[in-house]
Amino acid sequence: MSSRLLRFLGSMPLAVTLLSAVAIASVIGTLLQQNQPYQDYLIKFGPFWHQVYLSLGLYDVYSSLWFLLLLAFLVASTSVCLLLNGPAIVASASDYREHLHSKILAHMPEHQQWRVFAPLSLVQGQLQQLLQQYGYRLRSRADGERVLIAAKKGSANRFGYICAHLAVVVICIGGLLDGNIPMKWQSLFGSLAIETRDLPASQVPAASRLDTDNSAFRANISIPEGSAADFAFINVGRGYVLQELPFQIRLKDFRIEHYSTGQPKSFQSDLVLRDPERDTTLEKTISVNEPLRYRGFNIYQASFEDGGSKLDLTLRPLIEPAANPEALDVSVRVNDSVKVTAPDSSELKLEIEDFRAYNINRTAASVERGQDFRDDGPSFQFKLRRVDGSAREYRNYMRPVTLEGRDYLLSGTRGSQAEPFRYLYIPVDAAGSADTFFEMLHLLHDDDRLAQVIRDRAGQRPSEDERELTQQLTGATLTILKLFRDGGYGAIAEHMDTSVPEDQRQFASEAYIKLLHGGLRSLYLEVLDQSADSGLSESQSLFLDDAISALAGVPNYGAPFYIALNDYEQRQASGLLIARSPGKLLVYPGFALLLAGIFLLFYIAQRRVWIELREADDGRVQVDIAGESNRLQDEFRQEFEQLASQARQAPEQASR
Amino acid sequence: MTSAVNSLSNPSYAGGRAGFLAWAVAVLAAAGYALFSLQPLMNGYEVIILLLAAAGTLWLGHAWPSFRGLTLAVAVLTLVGLQQYGDQLANADTRFLLVYVLASQSAIMWMSALFILATPTYFAALLARSPFTGQVASGLTWSAVAMGLTGLLVRWRETYLVGADIGYIPISNLYEVFVLFCLITALIYLFYERRFQTRALGGFAMLVISAAVGFLLWYSHSRGAHVIEPLVPALQSYWMKIHVPANFIGYGCFSLAAMIGVAALLRYRAAPAGRLAQLLPEPALLEEFMYRAIALGFAFFTLATILGSLWAAEAWGGYWSWDPKETWALIVWLNYAAWLHMRMTKGWRGPAMAWWAIVGLFVTLFAFLGVNMFLSGLHSYGEL
């Protein structure tokens, strides 16, 4: 029974089935993106299939129980195969097969026969020497009237089989040791609880902590400049556990160096490692490809992020400037938030999410200028959260960005992370400031002044008789301007749909747009403090066009302010990966064994040559030479023929 | 001792023993010069890699006389290229020799043209049974390899001319490794052309190389992929110098095996006395060729994967992360491991194995290109 089981375990069909199963599981693991948030899977597959995939462990194939079992089976199968065949292989490799029957020689892949006039013992001696010259080891056996010289070389080939298969077992065991089996075990049957809440490290409960005895793990920690940590987090499914470290790592400085072309050249962290147990302190700069190795722990440069930069911001109102015209200055750190009151006196929470000191992009313009890359300067990302919990996300740039020769302050906005940012392009005036735009905006929102300006500007033109018409036009302009102010072009279109008969809309829309642009032009001139006749320069007309586009975008911008970044104090954080993998001690020798095994299997051939010498009836010695090789037969044939031809010549040389 | 030896496998074939020694001295001198003059640019590992490369070159040159000729031609062309450049990258646009022949992009275009010419020439030689045409085809292939190798070596210098801190070995992006793929596949083919004493399979081998050249031209012209860009931090490592070439010996062998598989399938279907059966080699030779290519590829692919794993342990914090590229490397490895088991332990031969070798090419192709195109992961360098 047990021997049947062993034979099954060590059988080729099982091995091939297991290998195919591993291959198929691996394919699944690459086609289905692993370890994404469950929310994404739910959206992608629907609730039913999500549940099916989840229970099959398809979201984390490589650490699922069935995959580990598969690997364990593969190890078992290969080990049994090795145990069953290994001894026979070793025995056959060391066997010279000097008892071979004469008749078999003639059926060998290579065989030649001839007779010579010479004493048998002389021929034997010469041929043995010749075989040794060719690198063969031999054994001779006299048996009645025949002598058989059995020779072989390249027996290492047979050990190649053992090396290669042993290597697979060793590598898999090493890999399993470094896997997360003990942790999985503890979380299934033991006391380990996966923490899913976003807690400060000090508040993570003991049940979700692993002490420093844990021998194999890969954990991540982000340390801000000037801070230190003696723990890291291991991601498990949708949560994490905290891994305690026997030492403390302090980040002195994090640097990004750039090539002259702008791309990043290196990410470096200056670390200070303090080990209280051994009372040692170690300073080292690590970078990608250059980790810090200490007491079996490896510390890698894995990522970087903002570590709480301080941003000085100005909130410029976009709505109701009349009620609250003053810009608001706040200072806040990345990852912090601050409560602000909007001009319409609603309460908002400003949450700063990220800050970047560089935005290096490749643009058509920068390539034309001969630079590959262009730095668009610092930017920051934030959310504005309402009291009801809903929020929009924004990304603002500190400095104006040049697009087609014109400068804009960019502010991107989106409703959720799945959407791309849609940008508001706020035009910058000749002095490089957004003030002109904001003055226009404030004028537009100030009903009294708006009416005044439109009336005044209209009044400069018409004669007495046209006064009534002018008044009508002024009224219409104001209506349209207010529609535009509160709802952009969409509001004007809506207004037209409800109040203008269908057949007149074409004409009306042209008229509306004319009035709107005329009105906005008046506002611009008012801000510039110019009279209508002076006209606009080309750059001023372009500015006006841009300002109109931006004003049209403001109602959909979703925020009551535009937030400008005035100054910052950068503080970066370095993302470190801390790993401990004792399995390496098995895996690396396993690699060497595997390579040795494969090269032995393919490029060392086990060659055997037999020479049978027999006294023939005519008084001569009959020489039968035969040979076989388990690989590289062509090469062996060449060698054999050369060997045989030299063997034929040998006695002649001797008799001379 | 020399009587019955096949003259082509005898090291003293071209130029005699003295010729080999002179060549070996030249190789050692070049390695010594590089070691001495480029010392400040290399770390200890890179010195070891240089020495291993010199040893490998000597070994190849010893076993394969034509390879010596190639190294000499490439050395001369490269030195002329470097001399023309001086230390001004701008010379690429003004010096005649650079513009038309030796600047990396020009040399690689020559390589492309020669490979594409070699393909129909090999087929013409096969169909017309013309040994002379066959020699021309081989000559074109050798020339293509020489130009491609020169292109890469000159490009190595160009990367340093772009900026001293930018310089890198030009096997670091998809464009460069495609050139490497063409070179290595062609060299492996040429090696076996001599080994099996047949030029009948050259056309088949050149088909896959021409396909790679087609991709290379498209990639260069429509995506500007030939522009030299600095390396991202993760790729700045001496591991690159050994991991990538080992990988491409694997890919090249597997591609070659698949093309021999195509020839084998044609041969299996040929009528026993038909024209095709006369033109193509015996099935036994085709099977042996396929086996040797896959065995060599498998050995180097194993080496490459192990080197990659060691590199990953140093750059990403783990020797195995089930990153899509790693996982697909494992799939390719398992596929060919199964192929070799079936041949070696079960003695499988015939059309099934040929088909399997062809399917293997598609699995390999997915691991090489598909992963970068369709799957995201740590190996996101060669994105299209």
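This section describes the nonpolar cores, one helix pair and two individual residues of a predicted model.

Residues are numbered from 1 along each chain as its sequence is written, and chains are lettered from A and ligands numbered from 1 in the order in which they are written. In this predicted model local features need pLDDT of at least 70 and side-chain atom pairs count only at pLDDT 80 or more, whereas totals for chains, interfaces and linings use all residues; side-chain values use heavy atoms, with hydrogens and water left out.

The largest nonpolar core (a set of buried Ala, Val, Leu, Ile, Met, Phe, Trp, Tyr and Cys residues joined through side-chain atoms within 4.5 Å; buried means under 20% relative accessible area, exposed over 50% and partly exposed in between, with a 1.4 Å probe and protein chains only) has 154 residues, and those with the most contacts inside it are F602(A), M111(B), F115(B), Y189(B) and F248(B). Its largest share, 18 residues, comes from helix α11 (residues 283-315) of chain B, helices (H or I, at least four residues) and strands (E, at least two) being DSSP runs numbered from the N terminus. A second, separate core of 65 residues includes L311(A), V334(A), L348(A) and A434(A).

In chain B, the axes of helix α9 (residues 239-269) and helix α13 (residues 351-374) come within 8 Å and cross at roughly 145°, where axes are lines fitted to C-alpha atoms, for helices over the stretch in contact, and angles run from 0 to 180 degrees between N-to-C directions. Contact here means heavy atoms within 4.5 Å, and the residues of α9(B) that meet α13(B) include F248(B), Y251(B) and F254(B), with W355(B), L361(B) and F368(B) among their counterparts in α13(B).

In chain A, R209(A) lies in strand β4 (residues 209-210) and counts as partly exposed because its relative accessibility is 25%. Not counting residues up to four places away in sequence, R209(A) touches L192(A), A201(A), S202(A), V204(A), L242(A) and E244(A). The side chain of R209(A) reaches the backbone oxygen of V204(A) at 3.0 Å, and a polar contact of 3.0 Å joins the side chains of R209(A) and E244(A); a polar contact is a pair of N or O atoms within 3.5 Å, where, within protein, one must be able to donate a hydrogen and the other to accept it, and residues adjacent in sequence count only if both atoms are side-chain atoms.

T78(A), found in helix α4 (residues 65-94) of chain A, counts as buried because its relative accessibility is 10%.
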